[in-house]
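These are my notebook entries from reading through one structure, written down in the order in which I looked things up.

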Amino acid sequence: MGLATFIGGVHPYEGKELSMEHPITVLQPKGTEMVFPLVQHIGAPAKPLVAVGDEVLVGQIIAEAGGFISANVVSSVSGKVKKIEPRRVANGSMVNSVIIEDDKEYRAIEGFGEKRDYTKLSKDEIRNIVKAAGIVGLGGAGFPTHVKLSPKNENEIDYIIVNGAECEPYLTSDYRLMMEEPEKIVGGLKVILQLFPNAKGIIGIENNKPKAIEKLRELVKNESKIEVVELYTKYPQGGERSLIYACTGRKLNSSKLPADVGCIVDNTDTVISIYNAVVESTPLIRRIVTITGDAITTPQNFKVRTGMNYQELIEAAGGFKKEPRKVLSGGPMMGQALFTLDIPVTKASSSITTFVNDEVEDNPETPCIKCGRCVDACPSFLVPVLMMEKALADDTEGFEKLNGMECVECGSCAYVCPAKRPLTQGFKYMRQAVAAKRRAAAAKKEGK
C-alpha cells in the first residue's frame, strides 16, 4: 500500500539537516523590553486589559479577545507596562502592542503550572481553559483554537488530525517536539478527543521523519482511537486541505471549513499547547523557533518567551557567518522577507531562515513560455498561467471565474515556474482585492 498523499505539489530542497539534530535549547531574554502585539491571530485585535505603569505577572492576560474570532494575549514575563503603542511585526505592518519591562524575576499568577486531571473537566471547562490560554493555530494560520474546538455539531466530527507533516523546508521545530515531547502530543490529542465522542485521532507525519513516526507509533500502540499515518514527503503536505485528503480521502474547498467534512486539524505544537494549558495550567507564553539557513553560524531550535526580539535569537545562534542577502520569518516557501530584525517573537513565529544568496533577485522574471508546470504542481487543481493574466489586468471578476479564491498561496506554482514569475504574490494580491470587493458589497447590501 502506498503512502498517504495528495495530487500535485513539489519537492523543494528540504534543508532540514541543518537543524533537525539540534535539541531544543531554552533561551531566556537578555534585554528588558518585551513586546506583545495585540494582533497575533486571525480575527479582531485583542483589547488591552492593562495600562501604562501596571505591574504584570507571568501567565496574566494582558489583552482579551476582541470578538468571537480573536484571542487573548498573555504575558510571558513579570514586570511593568512601559508603553502601549504601535510596533512593527514580521509582515512589516505596525501593530498596537503592550510593551513590558521585564524584571527578570518571572513571578507568576496564582495556580500557574499546577497539575489538573482533564478527565474530570467538562467540555465547556476545557474550551474555556483553551480560550483563556490564548492558544491559536501555531502552524502559521493563527486561527483561535477555542473557536476551532467549538463546531456547530460536535457529534459530526469524525477525525482529529494532528499535523506533524512540517512540510515547509528548513523548519524542524515540530520535529524536535515530536522527538522530545511526544507524550504531550498524545496527551493533548486525548484532551481534544474528550470533546468529540465520535472522533478518532490521527497523527500525520511525513516519511522523512522515521524516528518520530517510530516513537509516536510506540506510544499509541495500545490506543484504540489513535493512529499514526505515514505521509509521503511532498510540499504542501501540511496544508489543511492536502492533509485532510491524504488522511481521510475527504475533499475541502474555500466554501467549507474542515468541520464541514467532519475533521478538525491542529498543528503539533498547538496540541502540545492545549496539553500545557489544560493539564499543566500553563497558557501560551512560549514558542519553539528554528534559526537556520546557510548564513547562520550555528542552526538551532530555541524555546523562547513570546515578546523577545528576533535579534537576540540570531545572536544566540552565533550570529551570521556571512552577511545574508535574505532573511525570512518562516520558511522559503511561505515565509515573509524581513527588512529588520527589530521585531518580536509572536504566536506566529516558527523560524528565522537566513540565506547568503537571494534566488529571487538573482533570477529575474522572464516571459511565460506556456509550459504548464504550474498547472501540474497546483494542489488546488487551478490554472495559474491564466490566473496570472487576470492578475496583471487587475480583473477580479475574471480571477473569480477561474476559481482563483481556491488558491492556498502555497507557492508551488512559483517554485516550478522556469520563467520565475511572481505568481503567488500576484494571487495573494488578487485574493485580497476580491475579498475587499465582497466585503464592500456585503456592507452596501446591509446598508440598504
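Entry 1, the sheet. In this predicted model I looked up a sheet of three strands and found that it is open, with the order β3-β5-β6 and antiparallel pairing. I noted β3 (47-48) and β6 (73-74) as the edge strands, since each of them pairs on one side only. Following β3 to its partner, I found two bridges that join it to strand β5 (residues 61-64), the two running antiparallel, and within this part of the sheet I saw Pro48 standing opposite Ala63 in β5.

Entry 2, the cores. I then asked myself which residues have the most contacts inside the largest nonpolar core. That core has 47 residues, and the ones with the most contacts inside it are Ile160, Phe196, Ile203 and Val278. I listed the elements that give two or more residues to it, and these are the helices α1 (123-132), α3, α4 (182-193), α5 and α7 (268-280), together with the strands β9 (159-164), β10 (200-206) and β11 (226-231). The largest share, seven residues, comes from α7. I also wrote down a second, separate core of 30 residues, which includes Ile291, Ile296, Val327 and Val345.

From the first core I picked out Ile203 and, leaving aside residues up to four places away in sequence, found that it touches Val162, Ile185, Leu189, Leu216, Ile226, Glu227, Val228 and Val229.

Entry 3, a helix pair. Next I asked how α3 and α5 pack against each other. Helix α3 (residues 173-180) and helix α5 (residues 210-219) pack at an angle of about 35°, with 9 Å between their axes, and I recorded their crossing as left-handed. On the α3 side the residues in contact are Tyr175, Met178 and Met179, and they meet Lys211, Ala212, Lys215 and Leu216 of α5. Sorted by class, this contact has five nonpolar and two charged residues, and no polar ones. Leu216, which I noted here as a contact residue of α5, had already appeared in my list of residues touched by Ile203.

Entry 4, Val434. Is Val434 buried or exposed? I entered it as buried, because its relative accessibility is 0% and the cut-off for that label is under 20%. Val434 lies in helix α14 (residues 423-447), and, not counting residues up to four places away in sequence, it touches Thr396, Phe399, Glu400 and Met405. Finally I checked Val434 against Leu189, and the two are 245 residues apart in sequence and 37 Å apart in space, taken from C-alpha to C-alpha.

How values were computed:
Residues are numbered from 1 along each chain as its sequence is written. This is a predicted model: local features need pLDDT of at least 70, side-chain atom pairs count only at pLDDT 80 or more; totals for chains, interfaces and linings use all residues. Side-chain values use heavy atoms; hydrogens and water are left out. Axes are lines fitted to C-alpha atoms, for helices over the stretch in contact, and angles run from 0 to 180 degrees between N-to-C directions. Helices (H or I, at least four residues) and strands (E, at least two) are DSSP runs, numbered from the N terminus. A crossing is left-handed if the near helix is turned anticlockwise from the far one by less than a right angle, and right-handed if clockwise. Contact means heavy atoms within 4.5 Å. Ala, Val, Leu, Ile, Met, Phe, Trp, Tyr, Cys and Pro count as nonpolar, Asp, Glu, Lys and Arg as charged, and the others, Gly among them, as polar. Buried means under 20% relative accessible area, exposed over 50%, partly exposed in between (1.4 Å probe, protein chains only). A nonpolar core is a set of buried Ala, Val, Leu, Ile, Met, Phe, Trp, Tyr and Cys residues joined through side-chain atoms within 4.5 Å. Two strands pair if DSSP finds at least two bridges between them.
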